[in-house]
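Open the model in your viewer and keep the sequence panel beside it. The tour goes from one selection to the next.

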Amino acid sequence: MPESVDAVEMQAALLRLRRTSGLPVAFGGLLADARHARIAELNGAQTSVLRGLVISAGSGLGGKAIALSRPCAVTDYHSSRHISHEYDLAVAEEGLRSVVAVPVVVRRKVRGVLYGALREPITLGDRTFDAAVAAARDVEQALVVRDEVQQLLAVTREQVTDPRAAPEAWEDVREAHRELRALVPKVVDPALRDELLAVCGLLASAAGARTPKPSGVQLAPRELDVLACVAAGATNAVAAERLGLRPETVKGYLRSAMRKLGAHTRLQAVVAARRAGLLP
């Protein structure tokens, strides 16, 4: 099965490409295997002929970008001597002439390709290339986050299978919990975000089940995020950097969490949250 980046994320990248480059058409997709990408999302297209098109590495403009792992462009797709022409019929039906293709590269591995196009044979300038590269980086970052999430989820599921784990193992669980909570705000895919939050809850309850739970304690998601960082020894400044917040905002969330937990110090807040089954 091909990797999946939420359609909303891909569409956002294509919309950004159009807005920042001025190109009227943008489309793209991820690799289904090492050598083939499937065009899954269109923005500004007049037909659906490009949707579902499978691009092979080395074939056409996008295939060339995949094979070389760098942006490629043509001024007039149909007459270009620098690409092969397996996809001319689809390109002609959409009426595209000047096209740029940018690979989505994560850790030196091509994972997808984005296109921007004009319906006129005009040489594309640096601004267009920069806009296309920036849009591809949006998708790259989404894939990086997804990779981190999947790796953490796999490790975490193993760690929580034994609630009687040794103390040193629970320190690993707590670190995984903190990292997962820090990733939640970066995930656009609601299904994946819900899965993350469910696993965070599983981690917390697995630890909290070993001690009595006071009732009626509820913390906001960001309050839990901050407490998870504090539990790992982070200062307000470090927590702010990890969570993408301002230090003053972190301080406010921490103060609110302490009040709800009836705690007077950071340490008391962490202990109370663990006893409540809110933190592992």
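Start by selecting Val99 and Ala117: Val99 stands opposite Ala117 in β7. The model is predicted, so local features need pLDDT of at least 70 and side-chain atom pairs count only at pLDDT 80 or more, while totals for chains, interfaces and linings use all residues. Residues are numbered from 1 along each chain as its sequence is written, and side-chain values use heavy atoms, with hydrogens and water left out.

Now select residues 109–117, which form strand β7. Helices (H or I, at least four residues) and strands (E, at least two) are DSSP runs, numbered from the N terminus. Eight of the nine residues of β7 are buried, where buried means under 20% relative accessible area, with a 1.4 Å probe and protein chains only.

Add residues 99–106, strand β6, which runs antiparallel to β7 and is joined to β7 by eight bridges. Two strands pair if DSSP finds at least two bridges between them. Two residues lie between the strands of this hairpin, and Arg107 takes a positive phi near 50° there.

Next add strand β1, residues 25–30, which pairs with β7 in the antiparallel sense over six bridges. On this side, Val25 stands opposite Ala117.

Show the side chains of Phe27 and Tyr115. They form a stacked aromatic pair, 4.4 Å centre to centre with 15° between the planes. Rings of Phe, Tyr and Trp (its six-membered ring) pair if their centres lie within 6.5 Å, and planes under 30 degrees apart count as stacked. Phe27 lies in β1 and Tyr115 in β7, so the pair ties together parts that are 88 residues apart in sequence. Both Phe27 and Tyr115 are buried.

What surrounds them? Phe27 and Tyr115 are among the residues with the most contacts inside the largest nonpolar core, which has 26 residues; Leu61, Ile66, Tyr77, Leu96 and Val99 are also in that group. A nonpolar core is a set of buried Ala, Val, Leu, Ile, Met, Phe, Trp, Tyr and Cys residues joined through side-chain atoms within 4.5 Å. Elements that each supply at least two residues of this core include α2 (60–68), β5 (72–74) and α3 (88–94). The largest share, four residues, comes from β7.

Centre on Leu96. Beyond its neighbours within four places in sequence, Leu96 is in contact (heavy atoms within 4.5 Å) with residues including Val25, Phe27, Tyr77 and Ala117.

For the last selection, take Leu224, Val250, Met258 and Ala263, which are among the 25 residues of a second, separate core.

How values were computed
Buried means under 20% relative accessible area, exposed over 50%, partly exposed in between (1.4 Å probe, protein chains only). Rings of Phe, Tyr and Trp (its six-membered ring) pair if their centres lie within 6.5 Å; planes under 30 degrees apart count as stacked, over 60 as edge-to-face and the rest as tilted.
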